[in-house]
Amino acid sequence: MSQIGFIGLGIMGRPMSKNLMKAGHNLVVYDVVAALADAVIADGAARGESCRDVAARSDVVITMLPDGPEVEQAVLGPNGVLEGAAAGTTIVDMSSISPMVSQKVAAACAAKGVEFLDAPVSGGEPKAIDGTLAIMAGGKQEVFDKVLPILQKLGSSVTLTGAVGAGNVTKLANQIMVACNIAAMSEALVLATKCGLDPEVVFNAVKGGLAGSTVLNAKAPMVIARNFKPGFRIRLHQKDLRNALLAAESTKCALPLTSLVQQMLIALMNQGHGDLDHSAIALFIEGLAATQVERPK
Ligand code: NAD
């Protein structure tokens with residue numbers, strides 16, 4: 001069984017590393033926040049002293065970091081993964097980052113004989129805990145085949161969607177659909193409330209029809225209950241739409257709806273809502289209509 005290194009032990013990384021240990025893998029782990037590493041070491045992992053040390057002791061290194069700059073720092077930076085990795089090591093970056101950064105990091109890895117796969121996930125903390133994430137990967141078929149048994153311990157669906165960067169393009173597509181869906185749902189619930197209807201009745205009336213969706217089922221009840229506890233934070237979704245717009249700019253692709261929702265997310269962050277669940281996009285739409293989605297008293 002491969003010796004696995006795991007770097008980035010936050011909301012997602014901790015349960016993912018736990019599932020790998022449950023499946024019988026030996027893990028060596030590192031996070032810049034020592035207390036987060038301590039928690040995973042208490043679960044049975046070995047302590048890595050740095051990203052470099054983790055890589056030197058592993059065949060496969062998984063990274064689960066916030067965004068591209070952190071991935072570049074952890075892999076390419078001083079004391080980083082590439083300083084420790086032997087030729088033949090495979091890096092699987094499961095963070096949601098810009099596809100262009102994935103390609104840049106992969107090129108630096110290739111120069112050292114290190115394989116790289118981008119493999120971001122969808123499903124959030126609950127599915128990270130259950131080991132039922134949707135994983136979308138980019139890279140060479142033979143590298144994907146090699147790490148597939150590991151990824152299958154973390155997700156119930158694991159799909160290779162193309163060359164390096166394709167995993168993150170797929171993730172950005174996912175994030176565009178989710179964000180625009182929440183914004184449209186928010187407008188619909190605000191209109192229904194403003195017209196004097198009970199938003200819960202409206203939700204129940206439409207959820208079995210064409211407007212029904214996983215997003216609607218998960219997020220409409222949160223808005224109606226005024227529960228904006230994350231889930232997935234506004235600031236992370238803003239980061240994803242920013243990466244989508246950067247990819248769009250570099251390919252001369254117009255994304256008007258994504259741009260609009262991105263502006264909403266920036267406004268919400270400026271209003272101090274960056275750490276609320278992304279269902280709080282409703283707060284922005286409510287502000288425009290001076291109407292709060294709620295059931296009639
Ligand atoms: P998080 O902020 O909880 O965890 C990231 C961890 O990386 C932190 O513990 C941080 O200390 C560590 N870190 C940062 N820089 C580092 C470095 N240079 N070396 C070592 N460790 C470093 O974030 P998260 O919620 O676990 O998300 C991780 C990634 O997964 C993000 O790209 C996010 O967009 C994506 N994602 C998150 C969710 C979710 O619901 N939280 C869902 C799907 C995808």
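In the predicted model, Leu241 is found in helix H12, which spans residues 234–250. The residue has a relative accessible area of 1%, and because buried residues are those under 20%, Leu241 is classed as buried. When its neighbours within four places in sequence are left aside, Leu241 is in contact with Gln175, Ile176, Ala179, Thr258, Val261, Gln262 and Leu265. Of these partners, Gln175, Ile176 and Ala179 carry numbers that fall within helix H9 (166–194). Gln103, by comparison, is separated from Leu241 by 138 residues in sequence, and the two C-alpha atoms lie 19 Å apart in space.

Buried positions also occur in helix H11, which covers residues 214–224. In this helix Val215, Leu216, Lys219, Ala220, Met222, Val223 and Ile224 are buried. The cover over these residues includes helix H9 (166–194), helix H10 (199–206) and helix H14 (281–289). Helix H11 is followed by Arg226, a residue with a positive phi, near 55°.

Arg226 also takes part in a salt bridge, in which its side chain meets that of Glu286 at 2.8 Å, N to O. Glu286 belongs to helix H14, whereas Arg226 lies in the loop between H11 and H12, so the salt bridge ties together parts of the chain that are 60 residues apart in sequence. The two partners fall into separate accessibility classes: Glu286 counts as buried because its relative accessibility is 6%, while Arg226, at 26%, counts as partly exposed.

The structure holds 15 salt bridges. In general terms, side chains of opposite charge can pair when their charged atoms come close. One of the salt bridges joins Arg52 and Glu83, with the closest N and O atoms 3.1 Å apart. Arg52 is part of helix H3 (residues 51–56) and Glu83 is part of helix H5 (residues 81–84), so this pair ties together parts that are 31 residues apart in sequence. Arg52 counts as partly exposed, with 38% relative accessibility, and Glu83 is likewise partly exposed, with a relative accessible area of 41%.

Helix H3 also contains Asp53. Not counting residues up to four places away in sequence, Asp53 touches Arg47 and Gly48. The C-alpha atom of Asp53 is separated by 8.3 Å from that of Gly80, a residue 27 positions away along the chain.

A further salt bridge is formed by Glu115 and Lys140, whose closest N and O atoms are 3.0 Å apart. This pair links distant parts of the chain, 25 residues apart: Glu115 lies in strand E6 (residues 115–118), and Lys140 lies in the loop between strand E8 (133–138) and helix H8 (141–151). Both partners are partly exposed, Glu115 with a relative accessible area of 26% and Lys140 with a relative accessibility of 42%. Elsewhere, Asp198, Glu200 and Arg295 are linked in a network of salt bridges.

At the level of the whole chain, the protein is divided into domain 1 (3–164) and domain 2 (169–289). The centres of the two domains, taken over C-alpha atoms, are separated by 29 Å. Domain 1 contributes 13 residues to the contact, and domain 2 contributes 13 residues. Between them, the domains bury about 990 Å², of which 59% is on carbon and sulfur atoms. Across this interface 1 salt bridge is found. Asp67, whose number falls within domain 1, and Arg242, whose number falls within domain 2, meet through their side chains in a salt bridge of 2.8 Å, N to O.

On the surface, Val32, Val33 and Leu36 form a nonpolar patch with about 270 Å² of accessible area together. Val32 is placed in the loop between strand E2 (27–30) and helix H2 (34–42). With 72% relative accessibility, Val32 counts as exposed, because the exposed class begins over 50%. Val32 in this patch is thus exposed, whereas Leu241 in helix H12 is buried.

Methods
Residues are numbered from 1 along each chain as its sequence is written. This is a predicted model: local features need pLDDT of at least 70, side-chain atom pairs count only at pLDDT 80 or more; totals for chains, interfaces and linings use all residues. Side-chain values use heavy atoms; hydrogens and water are left out. Patches are made of residues with over 30% relative accessible area and no salt bridge: like charges are joined within 9 Å, nonpolar side chains (Val, Leu, Ile, Met, Phe, Trp, Tyr) within 5 Å. Accessible areas come from the Shrake-Rupley method with a 1.4 Å probe; for residues, only the protein chains shown count as cover. A salt bridge is a side-chain nitrogen of Lys or Arg within 4 Å of a carboxyl oxygen of Asp or Glu. Helices (H or I, at least four residues) and strands (E, at least two) are DSSP runs, numbered from the N terminus. Buried means under 20% relative accessible area, exposed over 50%, partly exposed in between (1.4 Å probe, protein chains only). Domain bounds come from an automatic or database domain assignment. Contact means heavy atoms within 4.5 Å. Buried area is the accessible area (1.4 Å probe) that two parts lose on being put together, summed over both.
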